[in-house]
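Student: Could you take me through one part of this model up close, the lining of the largest pocket, and then carry on into whatever else is worth a look?

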Amino acid sequence: PASVNFGIGQTSVPIPVTAVGTGNSQVTVSLNGGSASSTVQVTLAAPTITRLAPPTLTIAQGATSPLTVTISSAQLTDTVVSVSSSASSIASVPGTVTVLAGQTTAPIPVSANTPGQAQITTSLNGTSASSMVTVTPALPTVVSLLPLTNPVNLGGSVTLTVTLSAAQPA
């Protein structure tokens, strides 16, 4: 504030200072010819993890899908976030991702390796967030229909064989 009031009998009062930008600022107070100064050094707070989204993710085996990590505030330099999987044989992630300077989010690619569940955890400066990833069996695709050609007489019949990419549980 531009001024502060002293009550009767007071010899000191707090002066609230709000940081509005990074850097140094000199605060000076004066009264009846006397003055005192203090330098306020404003730095960015260390970023923390605020969220990993979505909280649950289902991916078909063999596919890749992203999670998004969010940090508390945009930084002046790139921020490296640690990433881990409780079961990398089920769902694997890179060991780190980088939140670019000026940004608050970064995508984390999750690779679905085998059916099951894995917890993906991000951590930074003593904070963390997790998401549960469920990997489902790969959906079948048609691999072949054989034979490619098969002569048949009018009124006759022929048997073709279709092959799928994976055996189905049901």
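Tutor: Sort the lining of the largest pocket by residue type and you get twelve nonpolar residues, six polar and no charged. Keep in mind that this is a predicted model. The pocket itself has a volume of about 360 Å³. There are 18 residues around it, and the closest to its centre are Val4, Phe6, Ile15, Val29 and Ser30. If you go by elements, strand E1 (23-31) and strand E2 (34-42) are the ones that give two or more residues to the lining. E1 gives the most, with five residues.

Now for the nonpolar packing. In general, nonpolar side chains tend to be buried together in soluble globular proteins. Here the largest nonpolar core has 25 residues, and the ones with the most contacts inside it are Leu67, Val69, Val81, Ala91, Ile108, Ile120 and Val133. Quite a list of strands gives two or more residues to this core: E3, E4 (56-60), E5, E6 (79-85), E8 (96-99), E9, E10 (116-124) and E11 (127-136). The largest share, four residues, comes from E9.

Val81 is a handy place to zoom in. Leaving out residues up to four places away in sequence, Val81 touches Ile49, Val69, Ile71, Gly95, Thr96, Val97, Val99, Thr122, Ser123 and Leu124. One of these, Val97 in E8, stands opposite Val81. That fits into the pairing of E6 with E8, which is antiparallel and runs over four bridges. Have a look at the two faces of E8 as well: Val97 and Val99 make up the covered face, while Thr96 and Thr98 sit on the uncovered one. As a rule, side chains in a regular strand alternate between the two faces of the sheet.

E9, the strand with the largest share of the core, also takes us to an open sheet. Four strands form this sheet in the order E3-E5-E9-E7, with antiparallel pairing. E3 (49-53) and E7 (91-92) are at the edges and have a single partner strand each, so one side of each is left without a neighbour in the sheet. As for E5 (residues 64-71) and E9 (residues 105-112), seven bridges join this antiparallel pair. To pick out one position, Thr68 has Pro107 in E9 as its bridge partner.

Key. Residues numbered from 1 in each chain as written. Predicted model: local features only at pLDDT ≥ 70, side-chain atom pairs only at ≥ 80, totals over all residues. Heavy atoms only, no water. 1 Å grid on protein atoms, 1.4 Å probe; cavity = no way out; pocket = protein on both sides within 12 Å on 5 of 7 lines; lining within 4 Å. Points joined across faces, edges and corners; volume = space filled by probe spheres on them. Nonpolar A, V, L, I, M, F, W, Y, C, P; charged D, E, K, R; others polar. Pairing = 2+ DSSP bridges. Core = buried A, V, L, I, M, F, W, Y, C linked by side-chain atoms within 4.5 Å. Buried < 20%, exposed > 50% of the residue type's maximum accessible area, 1.4 Å probe, protein only. Contact = heavy atoms within 4.5 Å.
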